[in-house]
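Please open the model in your viewer and keep the sequence panel beside it, since each stop on this tour begins with a selection.

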Amino acid sequence: MLNSLIGSHDLKASVETLWARDRQAFSVMDILIAVRGAKNVLNPQGECIKLNKMFDDVDSIMEFLNSTGLADIFIHRKVQNLVDYVFGIETGLDSNARKNRSGHIMENKISQILTQHNIVFRREVYSREWADIANVLGNDNKRFDFVIETPTKKYLIEVNFYSDGGSKLNETARSYSEIGPRINSVEGFEFVWITDGIGWNSAKTKLHEAYNIIPSIYNLTTINNFITSIQQ
């Protein structure tokens, strides 16, 4: 039944028609982004919700389709058959794009939090901007997701979100454990890592090790502690 949405000239109207016919058809949409079950996700507003809650009404379904890029796929017939599409996803063809989307949502959430607290920041700033930082990082022209500058310190911030486990989490923790102390060794600079997601449940050891090396690690619950520290 979801195949009937492919090529729709009015996707919302098509969704409404299908919703009236059999709303259970939308309960399998999680597999279209390679996720199974009632997992916690960040919606486009940066709120942490159960993914299957996005299939409770037409407006939420449209939000899901638009925010994941599926609406564009349906409207422009970028796939001809969802069975084939799901087979491709199951073999990992869309894994990188999916991870990038979750990262962008997390960045937008952090941007929203900082803005709400009237904190001035810049996004996507490269290390070459500061000679001392460039020197300690060597040839690695690092791009930081956020930079916050106060009268006494510059905070170089990395942000990520992991809904699944895997080697990437260990690699990230190891990488930040290396560059964090280098940045902190430069007077007036501090490395900050904001991360979240249930993926860390499978990599707690690496995260604990990072805590012993990087003083400033926060998640969406503790980020208020960071905000308080820079506002003092």
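Begin by selecting Arg-143 and Glu-124, whose side chains form a salt bridge in which the closest N and O atoms are 3.9 Å apart. The model is a predicted one. Arg-143 belongs to strand E4 (residues 143-149) and Glu-124 to strand E3, so this pair ties together parts of the chain that lie 19 residues apart in sequence. Arg-143 counts as partly exposed at 36% relative accessibility, and Glu-124 is likewise partly exposed, at 45%.

Next, select Lys-142 and Glu-158, where a second salt bridge can be inspected, with a distance of 3.5 Å from N to O. Lys-142 sits in the loop between helix H6 (131-137) and E4, while Glu-158 is in strand E5, and the pair links distant parts of the chain, 16 residues apart. Here the side chains belong to buried residues: Lys-142 has a relative accessible area of 16%, and Glu-158 has one of 4%; the cut-off for calling a residue buried is under 20%.

Add Glu-107 and Arg-123 to the selection, since their side chains also meet in a salt bridge, at 3.3 Å from N to O. Glu-107 lies in helix H5 (residues 95-116) and Arg-123 in strand E3 (residues 122-126), which makes this another link between distant parts of the chain, 16 residues apart. Which partner is buried, and which is partly exposed? Glu-107 is buried, with a relative accessible area of 10%, whereas Arg-123 is partly exposed, at 34%. To complete this part of the tour, show Arg-122, Glu-129 and Glu-149, which are joined in a network of salt bridges. A search of the whole structure finds nine salt bridges.

Now switch to a cartoon view and select strand E6 (residues 189-196). Seven of the eight residues of E6 are buried, so the strand is largely enclosed by the rest of the structure. Strand E5 (residues 154-161) runs parallel to E6, and eight bridges join the two. To find the register between them, display Val-159, which stands opposite Ile-194 in E6. If you then trace the backbone onward from E5, the chain passes through helix H7 (residues 167-184) to reach E6, in a β-α-β crossover that is right-handed.

Keep E6 displayed and bring in strand E7 (residues 217-218), which pairs with E6 in the parallel sense over two bridges. Trp-193 is the residue to highlight here, as it stands opposite Ile-217 in E7. From E6 the chain goes through helix H8 (residues 204-211) to E7, and this β-α-β crossover is right-handed.

Return to helix H7 and select Thr-172, which lies within it. Thr-172 is buried, with a relative accessible area of 7%. Leaving aside its neighbours within four places in sequence, Thr-172 is in contact with Asn-160, Tyr-162 and Trp-193. If you place a distance label between the C-alpha atoms of Thr-172 and Lys-206, the separation is 9.4 Å, although the two residues are 34 apart along the chain.

For the next stop, select Phe-26 and Leu-65, the residues with the most contacts inside the largest nonpolar core, which has 31 residues. Helix H1 (11-22), helix H2 (58-68), helix H3 (70-75) and helix H4 (82-90) each supply at least two residues of this core, and H2 gives the most, with five. Expanding the selection around Leu-65, and setting aside neighbours within four places in sequence, brings up its contacts with Leu-11, Val-15, Met-29, Leu-70, Ala-71 and Phe-74. A second, separate core holds 23 residues, and for that one you can select members including Phe-144, Val-147, Leu-156 and Trp-200.

Finally, clear the selections and look at the whole protein chain, whose secondary structure comes to nine helices and seven strands. Of its 232 residues, 44% are buried. Among contacts between residues at least 6 apart in sequence, 59% join residues that are at least 24 apart. With a surface displayed, the protein chain exposes about 12,400 Å², of which carbon and sulfur atoms supply 47%.

Key
Residues numbered from 1 in each chain as written. Predicted model: local features only at pLDDT ≥ 70, side-chain atom pairs only at ≥ 80, totals over all residues. Heavy atoms only, no water. Helix = DSSP H or I, 4+ residues; strand = E, 2+ residues; numbered from the N terminus. Buried < 20%, exposed > 50% of the residue type's maximum accessible area, 1.4 Å probe, protein only. Contact = heavy atoms within 4.5 Å. Areas by Shrake-Rupley, 256 points an atom, 1.4 Å probe, with all protein chains shown as cover. Pairing = 2+ DSSP bridges. Right-handed = clockwise from strand over helix to strand, strands pointing away. Core = buried A, V, L, I, M, F, W, Y, C linked by side-chain atoms within 4.5 Å. Salt bridge = Lys/Arg side-chain N within 4 Å of Asp/Glu carboxyl O.
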